[in-house]
Amino acid sequence: MAALATAKGVPGWAEVRSWRKAQRASLVAQCLGAGRAEREGWNSTITAHLEGLPALAGPTGTVGFYWPFKGEYDPRPLARLLHARGVRLALPVVVERARPVAFRAWWPGMRMRPGVWNIPVPDEGDWVRPEALLVPLLGFDPQGYRLGYGGGYYDRTLAAARPTPPLAIGVGFEVGRLETIHPQPHDVPMDLIVTERRVFRGSAPVTATEGSGPGSREGV
Ligand SMILES: Nc1nc2c(c(=O)[nH]1)N(C=O)[C@@H](CNc1ccc(C(=O)N[C@@H](CCC(=O)O)C(=O)O)cc1)CN2
Ligand SMILES: Nc1ncnc2c1ncn2[C@@H]1O[C@H](COP(=O)(O)OP(=O)(O)OP(=O)(O)O)[C@@H](O)[C@H]1O
């Protein structure tokens, strides 16, 4: 998909913001338009990629995931699998508007309640700090920058966790690949991005169907 036209040089935040708004709408439509069977295929391929990441091998550490919304990758099968491996899981909870999200422990069958946008959140359990975070991507670029739903919650959460932020693993579909999302100072890039096609760090493939290149990183 085309980047924002830059005839006048680097676009300002107002231009970028309205461009992102249009991109979000178009990406949601494209993703839902792909159809359920195709998305399910992408989902299971992404789960297989994630399952193999040493960072999620467990059994120590806490992995933050998310309850899927609209056409997002569904990380619930992965969460059940990691739970069975002894990995602790957590879900984001919007505790205050325009503030970082908090994470609450999740386990299969726990009590949940509807949160913002009716996304289910844990209604019991400890508040925790994940060491790794699955972050939903609506769009992403080769530098690892992401486009989400526009609340800025993940950017704020990763910024607030400095100097020891969790490993940010962006998950999304190849239809979300953009030339650039026109990163702004508040945007925090992902450490890894996983799609149905490959796992990459910036422009460097980690494990790729097209083979591992010089940028390949073993042991991530
Ligand atoms: N599945 C899933 N869970 C998630 C997220 C996500 O992207 N996916 N989030 C990732 O962030 C958080 C919730 N994200 C939210 C993002 C925006 C708004 C919101 O109120 N949006 C306003 C408009 C925002 C604006 O333009 O300023 C609205 O809808 O009116 C609420 C929650 C936590 N849980
Ligand atoms: N660390 C921060 N401190 C204050 N405001 C922030 C911070 N990070 C992001 N924001 C604000 O939040 C909004 C996020 O817009 P942006 O287009 O980056 O959202 P997004 O990354 O797609 O959303 P989300 O993370 O919710 O999926 C912007 O208005 C931005 O200024």
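This report describes the surroundings of two ligands and one aromatic pair in a predicted model.

**Ligand 1**

The shell around ligand 1 holds 15 residues, of which Trp67, Glu72, Trp117, Tyr153 and Tyr154 come nearest. Sorted by class, this shell consists of 12 nonpolar residues, one polar residue and two charged residues. Polar contacts are made through both nitrogen and oxygen of the ligand: a backbone N or O atom of tryptophan 67 lies 2.6 Å from a nitrogen atom of ligand 1, a nitrogen atom of the ligand is 2.7 Å from an N or O atom in the side chain of glutamate 72, and an oxygen atom of the ligand is 3.2 Å from an N or O atom in the side chain of tryptophan 117. Taken alone, ligand 1 exposes 690 Å², and the protein buries 70% of that area. The place that ligand 1 occupies is the largest pocket.

**An aromatic pair that includes Trp117**

Seven aromatic pairs are counted in the model. In one pair, phenylalanine 69 and tryptophan 117 have ring centres 4.8 Å apart and planes at 15°, so the pair is stacked. Phenylalanine 69 belongs to the loop between strand S1 (62–64) and helix H3 (76–84), while tryptophan 117 belongs to the loop between strand S4 (112–114) and strand S5 (120–122), so that the pair links distant parts of the chain, 48 residues apart.

**Ligand 2**

Around ligand 2 there are 17 residues, and the closest are Arg24, Arg146, Gly148, Gly152 and His186. By class, this shell divides into six nonpolar, five polar and six charged residues. Helix H1 (13–33), strand S9 (146–147) and helix H4 (153–160) each supply at least two residues of the shell around ligand 2, and the largest share, five residues, comes from H4. An oxygen atom of ligand 2 takes part in each of the contacts listed below, where the partner is either a polar backbone atom or an N or O atom of a side chain.

| Residue | Partner atom in the protein | Distance to an oxygen atom of ligand 2 |
|---|---|---|
| Glycine 148 | polar backbone atom | 2.7 Å |
| Aspartate 155 | side-chain N or O atom | 3.1 Å |
| Histidine 186 | side-chain N or O atom | 2.8 Å |

On its own, ligand 2 has 650 Å² of accessible area, and the protein covers 75% of it. The space taken by ligand 2 is the largest pocket, which is also where ligand 1 sits.

Definitions and conventions
Residues are numbered from 1 along each chain as its sequence is written. Chains are lettered from A and ligands numbered from 1 in the order in which they are written. This is a predicted model: local features need pLDDT of at least 70, side-chain atom pairs count only at pLDDT 80 or more; totals for chains, interfaces and linings use all residues. Side-chain values use heavy atoms; hydrogens and water are left out. A residue is near a molecule or strand if one of its heavy atoms lies within 4 Å of it. A polar contact is a pair of N or O atoms within 3.5 Å; within protein, one must be able to donate a hydrogen and the other to accept it, and residues adjacent in sequence count only if both atoms are side-chain atoms. Accessible areas come from the Shrake-Rupley method with a 1.4 Å probe; for residues, only the protein chains shown count as cover. On a 1 Å grid over the protein atoms alone, a cavity is a set of points where a 1.4 Å probe fits but cannot get out, and a pocket is an open set with protein on both sides within 12 Å along at least five of seven lines; lining residues have an atom within 4 Å of a point. A molecule sits in a cavity or pocket if more than half of its atoms lie within 2 Å of its grid points. Ala, Val, Leu, Ile, Met, Phe, Trp, Tyr, Cys and Pro count as nonpolar, Asp, Glu, Lys and Arg as charged, and the others, Gly among them, as polar. Rings of Phe, Tyr and Trp (its six-membered ring) pair if their centres lie within 6.5 Å; planes under 30 degrees apart count as stacked, over 60 as edge-to-face and the rest as tilted. Helices (H or I, at least four residues) and strands (E, at least two) are DSSP runs, numbered from the N terminus.
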